[in-house]
Amino acid sequence: MKNFMKKAAVAMIAMLAVVAVFGTSVPAQAASKAPKSLSVKVTTKTVDIKGKSTISVKSVKPANASKAVTYKSSNKKIATVSSKGVVTGKKAGKVNITVTSKKNKKVKKVVKITVKNLKPSSVKVSAVKATVVVGKTNTLKATVKPAGVYCPVKWTSSNKAVATVSSNGKVTAKKAGTATITIKATQKNSKGKYLSTTCKVTVVDFATATTTQVKEYAKSASDNKVLVDARLTDAYQGWALDGVSKGGHIKNSVNVSSQWMTAGFSSQSAENSTREDYIEQELKAIGVTTAKSYVIYDTNGKDAATVAAYLQKKGYKDLSIYNAKSAINKGTFTMESYKNYDLYVPAEVVKNVSDHVTKNTALSSEAKKVTGGSNIVILDVAWGDETNNPDTGSGYEDAHVPGSVHVNTDEYETPKVYVPEKDEAYRSEWRLNDDATLLKLAADKGVTKDSSVIIVGSEPMATTRMGVILKYLGCEDVHVMSEGMVGWNAKGYEMEKGINKPKAVASFGTDKPLHPEYIDTISEAKELLKDDNVQLVDTRTQEEWDGKSSGYSYHDLKGRIEGSVFGPSGRGYSSSMIYYRNADKSMRSKEGLETLWKSQGIDVSKHLSFFCGSGWRAAETMWDALVLGYDNVSLYSDGWIGWSNEGNPYIDANGNKVFYNKNTNSVETTAASVSKQQVYVSPEWLKSAMSGLQKGYENVFVSEVAWGDTAGDKNYNAGHIPGAYHINSDAVEYDDCDPWPYGDGKDDFGLYDEKDVKPEDNFNIRSGKQLSEFLKRNGITKDTKVVLYGRSASDSSVTRVAFAMLYAGVEDVKVVDGGMQAWKAAGYDVETKVNEQKAGGDNYSFGTTVPAHPEYILSAEDAKDKLQNDANFRLVSIRSTKEFEGEETGYGYIDYAGEPLGAVWGHNTDDGSYVENGKVVGIDKVKSILAESDSSLDNELSFYCGTGWRATIPFLICYQNGVKNISLYDGGWWLWQLNWQKDKAAWPIQDVSADVVKNYAQLSFAAEKVNKDASGKMLVAGASAAENKLACWPARVSSKVVYGSSDKKVATVDATGKVTAVAAGEATITARTKAGNKATYKVVVSPAQ
């Protein structure tokens, strides 16, 4: 009796506490305010005889007016109505139920009710499976449809020794085993049959753990003893459910929720998954194996038994159960929660908020955690409009969480044609709408930045995507109902029919997103890929990552973003989230997700930007990361579809780097990355660099090169590469030909303050001072990435400027291989707008001394010296055959034809030798050209032509291939022939064929006669003659000179020119080349003394 009184007292105190907390939830002035109108809702307008329907107030205007009403039946013989709005059918007929405001008798609504004989159409039970511990009970609930039918049910047990059932569905467990509870209608259906359904009850008998045991299992030190939380994942994560005073889980416990085993589950054939697949992957991640011992706890006396029974069937042996409710409320255990657990809201809390919104009921303490704002909005988010249209509707009209307003996902990602060039089936994309549209959408749905928003819907991908969007816009108090609708349905909560119209507001409260860091654009994703502290995480399936599937019927491009990290959300198809969800659609545990991330090389210490195909899967993964407390996360929203359709590079199934070309509506190979030393690049490479696709080349200086100023360049003005500038080639070389041909000492274009240009300076690369001025005018420093182009591959005006820049010290200079011809052939756009260079400002600095590479240019004096004295040196002429053989000068302003004595022929860039199929040749072709003149890359090479243009092409080919011993004899034939006119002996020339020149040389001995030996004595038989040095111009032919003696009885000569006296007399020594050049001297041998 004392115990009973004690319990009664506790119950009374609890009731008083509830009144104290909730009794004043509706202000007195609101309760007394008279409404001007009201609306009602009714569970059904058709009832059976003895059947029931409930009428209640849905809303009043103004919203804070009294909802107190009276109910009256127009014919109590047909139907009665209680003071609480419960209508009971009496006999067939029609009746009006009038609902009248107590505060304003003029405000009323009439509900027409039809009473007729109804037949049951279905019988359902609240659970088709249940697990009950011996000695415990579990009450089942039966539902008979249609609503309003009067049809009591009969409950029976197939094995009363195992479990009994009462007339109201209360199941009592007797002993371990199974029993089938049958629920049978007591009225026949329209076909004359009694409908029924069943629930399979499993009775288990597990040992009950003590509080001391639970504490022992909660210690992290023992890996073989595991404490399992069998409650809802929501409770484990932090929510105080089932009457506990503190949310979260007992420290060091793992979550294996009973709802995973009991909630509705739809097998995904494309995913090839079962309920057990979901459960087993989580058990593995959290270390639950048959070899360990387990204490499984709950707070309702049911969940632990369900989980224990499941594990027992799987072969687990050492299992005990524990009801932790009392101990948790006493503060016995240390509890832990996920940092942001309230981003997901359990169904029972949403139900409380829904009732508050629709019925003005009091908010629970847990509900208050997610309703801090004065404006509570429940959003139902799903694809499709509000209707039940099978093609366009979401089904919202037929069933939704009471009080929610619908958001069609197409409203935040309206399908648009982003790439009209694509085939019709692949043109539309569901990318996130612009900020203005998103802000208006929120306001139209009644949401402001200060609202408290709960997002509900059957698909967590859609609801979390809406959650991310609202946080991005600036709504701080945003929450998503966990488990989709699984938890709501598992609880048996009612749904609402009809359409709730949103209460739009004038403004969201800001004109731009307050948290732009939550969503990344395509351009921002490109920048993130460059950051070593960021990972772009691809949450698509293995098939999508491998390039075997696009994942979408409306997208045809397949592959992956280079540099991204694979972190799959699922498998088999693009809606799979098996790796991020439990069987009841709840979020996986921290251990489960972090195990997945670690296995894929995802570093949680870095910023993680999640993406998928179009933003849905990635939104859910990002939301989960936020729940765990990771604030270093974002959503790359446009995902794979936006990336690939915009022409960005990606890796296809074969490992090739490709991109979608809008101009050709085809997938093409992406230009490979190039080194700094690489000079010649393809139009595709430049296009990708200009699109920000070549790392390190996102900001390139692009210029067309031609002789003459911008206004006079017809080609540039007719169409050039978008963004390209114009460079006059005269900007890098002296040009004073006006008056013709030697000028007046002044620069013809007036580019520099030049007053003393000499004829011999003309066409040479300008001084360091002038080059510095040129570079500053263009804002170019040594670190600027420069890309130049001309009209074609053989256009040497562009290579002349490229060479000058390298000589000056620009470290990365490139030339478009094939020039404008190749650019147009690739189908790329051109523009006619004249682009003005941006000069360096007051703080401009090139970054090094100009020229930084004086060794790239060989002077005429040095060229002459090397020809005479360096057998390894080659002066390579890049001129036509007729120029080389002295048949023509090649220039109107050069009077004399020929070549410097000793030069070898390297072919002409204008005759196709250095261009094949519109592109410059490779280094192997250069090798073969050199080989024709007995030369190679092992020789020191100095290229020249008439004035320095053509010679830059082979120089650049060699340069980009790492050849070191190269230079440009800049003065060319122009300067050599000027010097020859002044001193023919000092500057000899040749006019022989390329074949002859290999052995052609000017020979001369130092002395005409030798009559002494090496010691200075008279030369006698047996002695060696004093050396008579042979001058061979060029020195390279010296090794080919052949020596001979006119009389070997007097003197012999070996292959090196060494003479040995044989007998007294005279002999003539001759040095000869294969080209017929020769030189002679006399040797006089004296008689022996």
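Helices (H or I, at least four residues) and strands (E, at least two) are DSSP runs, numbered from the N terminus. What you see here is a predicted model, so local features need pLDDT of at least 70 and side-chain atom pairs count only at pLDDT 80 or more, while totals for chains, interfaces and linings use all residues. Residues are numbered from 1 along each chain as its sequence is written, and side-chain values use heavy atoms, with hydrogens and water left out.

**View 1. Two cis peptide bonds, each ahead of a proline.** Lys61 and Pro62 are joined by a cis peptide bond, with omega at about -5°. Look for Pro62 in the loop between strand S3 (52-61) and strand S4 (69-73). Lys145 and Pro146 share a cis peptide bond too, with omega at about 10°. Pro146 belongs to the loop between strand S12 (142-145) and strand S13 (153-157).

**View 2. An open antiparallel sheet of 4 strands, S1-S3-S6-S5.** Two strands pair here if DSSP finds at least two bridges between them. Strand S1 (37-42) and strand S5 (79-81) are the edges; each has a single partner strand, so one side of each has no neighbour in the sheet. From one strand to the next, the twist averages 25°. That angle comes from axes, which are lines fitted to C-alpha atoms (for helices, over the stretch in contact), and it runs from 0 to 180 degrees between N-to-C directions. Zoom in on S5 and strand S6 (residues 86-89), and you'll find an antiparallel pair with 3 bridges. Ala79 has Gly89 in S6 as its bridge partner. While you're around S3, have a look at Lys50 in the loop between strand S2 (46-47) and S3. Lys50 isn't a glycine, yet its phi is positive, at about 80°.

**View 3. Strand S10 beside strand S17.** Strand S10 (residues 129-133) has 4 of its 5 residues buried, so the rest of the structure largely encloses it. Buried means under 20% relative accessible area, exposed means over 50%, and partly exposed is in between (1.4 Å probe, protein chains only). S10 and strand S17 (residues 194-204) run parallel and are joined by 5 bridges. Ala130 is matched with Val201 in S17 as its bridge partner.

**View 4. Thr539 and its contacts.** Thr539 sits in the loop between strand S33 (534-538) and helix H16 (542-545). Is Thr539 buried or exposed? With a relative accessibility of 0%, Thr539 counts as buried. Contact means heavy atoms within 4.5 Å. Setting aside neighbours within four places in sequence, Thr539 has contacts that include Gly567, Pro568, Phe610, Cys612, Arg617 and Thr621.

**View 5. Helix H18, end to end.** The expected span of a helix is 1.5 Å times one less than its number of residues. For the 13 residues of helix H18 (residues 616-628) that gives 18 Å, and the end C-alpha atoms are 19 Å apart, which agrees. H18 is mostly covered, with 13 of its 13 residues buried. Gly629, just after H18, has a positive phi of about 105°.

**View 6. An open parallel sheet of 5 strands, S40-S44-S43-S41-S42.** Which are the edge strands? They are strand S40 (680-681) and strand S42 (725-728), and each pairs on one side only. Strand S41 (residues 701-706) pairs with S42 in the parallel sense over 4 bridges. Glu704 is opposite His726 in S42.

**View 7. Helices H22 and H23, crossing.** H22 and helix H23 (residues 796-808) pack at about 105°, and their axes are 11 Å apart. The two helices are therefore roughly perpendicular, the label for angles of 65 to 115 degrees; under 35 counts as roughly parallel, over 145 as roughly antiparallel and the rest as oblique. Leu771, Phe774 and Leu775 in H22 meet Ala804, Met805, Tyr807 and Ala808 in H23. By class, this contact has 7 nonpolar residues, no polar and no charged ones. Nonpolar covers Ala, Val, Leu, Ile, Met, Phe, Trp, Tyr, Cys and Pro; charged covers Asp, Glu, Lys and Arg; the others, Gly among them, are polar.

**View 8. Two buried loop residues, Phe763 and Asn778.** Phe763 is in the loop between S42 and H22. Its phi is near 75°, a positive value in a residue other than glycine, and its relative accessible area is 6%. Asn778 is in the loop between helix H22 (768-777) and strand S43 (785-789), with a relative accessible area of 7%. Apart from neighbours within four places in sequence, Asn778 is in contact with Phe701, Ile727, Gln837 and Lys838.
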